[in-house]
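Work through these exercises on cysteine pairing. Try each task before reading its solution.

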Amino acid sequence: MTQTENPARNVLGEPLAGCCDAPVTGFFRDGFCRTGPADAGRHVVCAVMTREFLDYTAARGNDLSTPRPEFDFPGLEAGDRWCLCAARWGEALAEGVAPRVALTATDAAALEILDLADLKAHAIDLS
């Protein structure tokens with residue numbers, strides 16, 4: 001997908017970059033952490049998975065590690081990028097297990113729920 005097809009902006013005010021296409025992520029399964037009216041979970045934070053976070057979210061009922069072939073989902077491993085729900089990332093932050101974040105691929109809609117300073121403190125792409 002090109003940026004002209006995806007006019008969303010990231011938390012830095014720039015055009016939204018893709019998060020991951022292997023496995024394909026995002027609410028729309030297009031590789032971008034963009035949102036829309038049907039996305040009640042606000043899957044807008046492009047995060048780099050850690051074993052600690054994967055264990056944390058599984059314990060809260062969202063197992064992202066187990067492959068689900070019926071949904072063409074291979075399961076995530078540490079190091080994979082994935083579009084997380086902003087609220088889940090915030091919960092993980094409060095528990096001290098928030099994964100790192102790609103700011104250029106995190107939709108500006110995340111700022112409706114999260115603080116930019118917290119996201120920046122976990123950024124992989126901020127110099």
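A disulfide is a pair of cysteine sulfur atoms within 2.5 Å. The model used here is predicted.

**Exercise 1.** Find out how far apart the sulfur atoms of Cys-19 and Cys-46 are, and decide on a bond.

Step 1. The two sulfur atoms lie 2.1 Å apart. The cut-off is 2.5 Å. Cys-19 and Cys-46 form a disulfide.

Step 2. Look at the twist. The angle about the S-S bond is 80°, and this link of Cys-19 and Cys-46 is right-handed.

Step 3. Place the partners. Cys-19 sits in the segment before strand 1 (43-48), and Cys-46 sits in strand 1, so the pair ties together parts 27 residues apart in sequence.

Step 4. Check burial. Both Cys-19 and Cys-46 are buried.

**Exercise 2.** Do the same for Cys-33 and Cys-83.

Step 1. Their sulfur atoms are 2.0 Å apart, and Cys-33 and Cys-83 form a disulfide.

Step 2. This link is left-handed, with -90° about the S-S bond.

Step 3. Cys-33 is in the segment before strand 1 and Cys-83 is in strand 2 (residues 81-85), so the pair joins parts 50 residues apart in sequence.

Step 4. Cys-33 is buried at 0% relative accessible area. Cys-83 is buried too, at 2%.

**Exercise 3.** Give the pairing pattern of the bonded cysteines, then check Cys-20 and Cys-85.

Step 1. Numbered in sequence order, the bonded cysteines pair 1-3, 2-4.

Step 2. Cys-20 is in no disulfide; its nearest cysteine sulfur, in Cys-19, is 6.1 Å away. Cys-20 counts as buried, at 14% relative accessibility.

Step 3. For Cys-85, the closest cysteine sulfur is that of Cys-83, 9.9 Å away, too far for a bond. Cys-85 is partly exposed, at 22% relative accessible area.

Step 4. The count is two disulfides.

Technical notes. Residues are numbered from 1 along each chain as its sequence is written. This is a predicted model: local features need pLDDT of at least 70, side-chain atom pairs count only at pLDDT 80 or more; totals for chains, interfaces and linings use all residues. Side-chain values use heavy atoms; hydrogens and water are left out. Helices (H or I, at least four residues) and strands (E, at least two) are DSSP runs, numbered from the N terminus. Buried means under 20% relative accessible area, exposed over 50%, partly exposed in between (1.4 Å probe, protein chains only).
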